Amino acid sequence: MAVPTFPPLAPRVRALAPGLMLAVTVAMAAQFLSGHYGAPVMLMAILLGMPLHFLTEDDRAAPGIDFAARGLLRTGVALLGLRVSLDMVAAIGWPFVALVAGSVATVILGSVALARRLGQDRAFALLTGGSVAICGASAAMAIASVLPARAQAERDLSFTVITVTVLSTVAMIAYPMLAAGLGLDAHQTGLFLGATIHDVAQVVGAGYSVSEDTGDVATVVKLIRVTLLAPVVLIAALALRRASPAGEARPPLLPGFVVAFLVLAALNSAHLVPQAVGEAASVLSRALLVAAVAAVGMKTALARMAQVGAAAMGMLLVQTATLAVLIAVPLLWDLV
């Protein structure tokens, strides 16, 4: 009996497979540590990836690592569209949604204005401001994909992901106590936590540590912030295109993954996506983003992280504090 033969894998798949498998393996290790020890999975992914930087100099692994850092990222962000809908906006109320949108814009524009005084460029301001204001590591990765090519791109992205994840973890512990000290009720606490903590996982952890109702409200508010990722990326791409010198490569006018995000969000808002599909897409999106973060860590040289400087850390702290104040004050004064 003849043994069946199979056609060889396409050259593109063979070229990407080694690096992709490395990124997925690091992501699985990060997920294991997160599941067993409670460590933030994004932080674990990037920290586990960074010591493997030498693999990016290997011609066999480099193409797949590059693809994981970009291709998997964009697919993961696009699938986030299935987690949001207009029903969420209606449940929270338009006044508070307007406050969240205004706070996001204030943090990002304020970051751009502050950047030069701290010795940073506009791209770094967009990267850090967007990550703090919208959804932490996921926003940083999405915004980085439309920024112009820069020598320090991977370094700045890794620094932002690490710092914003640490700040988000601190906020997860401190913000529920802060809300109680300010006298916010359960509903207001959910609004505050969802509108100020950076990453989705930490919002969930903080919200449900207070009560089930607070956790539900916080999660919905956080997902509303996620919807702002698409317009922010679009506006950033437009601004960067106009600022690019003639003849220089420009970011796409509307990145394909942003279009996919908006289409999936529209389908979800129209209740055309079965719940099982939405839940599966959410799990897949998370897995792809963790693998992408692991690949970014692998592309980052540890020695270059120290070059970012204390001013950049101060910038992220100011952004985080500003967002908290912008949300807390209207809640305390019952303006929303």
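# Reading a helical chain, feature by feature

Author: Let's start with one residue: His271 is found in the loop between helix H12 (256-269) and H13. Keep in mind that this is a predicted model.

Reader: Okay, what is the phi of His271?

Author: First the general idea: most residues other than glycine have a negative phi. Now the case here: His271 has a positive phi of about 60°, although it is not a glycine.

Reader: Which other residue, not a glycine, has a positive phi?

Author: Try Asp334, with phi near 55°. You'll find Asp334 in the segment after helix H15 (310-332).

Reader: Are these two buried or exposed?

Author: The cut-off for exposed is over 50% relative accessible area. His271 has 58%, so it counts as exposed. Asp334 comes to 59% relative accessibility, so it is exposed as well.

Reader: Let's zoom out. How many helices and strands does the chain have?

Author: There are 15 helices and zero strands.

Reader: And how do I judge the overall size of the fold?

Author: Compare the radius of gyration with what a compact globule would have. With 336 residues, that would be near 20 Å; the chain has 20 Å, which agrees. You can also picture a box: along the principal axes, the C-alpha atoms fill roughly 75 × 55 × 40 Å.

Reader: How much of the chain is buried?

Author: Of the 336 residues, 51% count as buried. On the outside, the chain exposes about 15,400 Å², and carbon and sulfur atoms supply 69% of that.

Reader: What do contacts say about how the chain folds back on itself?

Author: Look at how far apart in sequence the partners are. Among contacts between residues at least 6 apart, 79% join residues at least 24 apart.

Reader: Can you show me a buried residue with its contacts? Ser285, say: where is it?

Author: Ser285 lies in helix H13 (residues 275-298). Buried means under 20% relative accessible area, and Ser285 has 1%, so it is buried. Setting aside neighbours within four places in sequence, Ser285 is in contact with Gly76, Leu79 and Leu80.

Reader: Which contacts do Ala137 and Thr128 of helix H6 make?

Author: Take Ala137 to begin with. Ala137 is in helix H6 (residues 122-144) and is buried, at a relative accessible area of 0%. Beyond neighbours within four places in sequence, Ala137 is in contact with Met42, Val161, Val164, Thr165 and Asp199. Thr128 is also in H6 and is buried too, at 0%. Leaving aside its own neighbours within four places, Thr128 is in contact with Thr160, Met315, Leu316 and Gln319.

Reader: How far is Ala137 from Met21?

Author: In sequence, Ala137 and Met21 are 116 residues apart; in space, they are 22 Å apart, C-alpha to C-alpha.

Reader: How do I check the length of a helix, such as H10?

Author: Compare its reach with the span expected at 1.5 Å a residue. Helix H10 (residues 212-227) has 16 residues and reaches 23 Å from its first C-alpha to its last, close to the 22 Å expected.

Reader: Which residues of H10 are buried?

Author: Among them are Thr214, Gly215, Val217, Ala218 and Val221, along with the charged Lys222 and Arg225.

Reader: Last one: how many positive and negative side chains are there?

Author: The chain has 19 positive and 16 negative side chains. The centres of the two sets lie 12 Å apart.

Note on methods:
Residues numbered from 1 in each chain as written. Predicted model: local features only at pLDDT ≥ 70, side-chain atom pairs only at ≥ 80, totals over all residues. Heavy atoms only, no water. Helix = DSSP H or I, 4+ residues; strand = E, 2+ residues; numbered from the N terminus. Buried < 20%, exposed > 50% of the residue type's maximum accessible area, 1.4 Å probe, protein only. Contact = heavy atoms within 4.5 Å. Rg over C-alpha atoms; globule rule 2.2 N^0.38 Å. Areas by Shrake-Rupley, 256 points an atom, 1.4 Å probe, with all protein chains shown as cover. Charge placed at Lys NZ, Arg CZ, Asp CG, Glu CD. Expected span 1.5 Å × (residues − 1).
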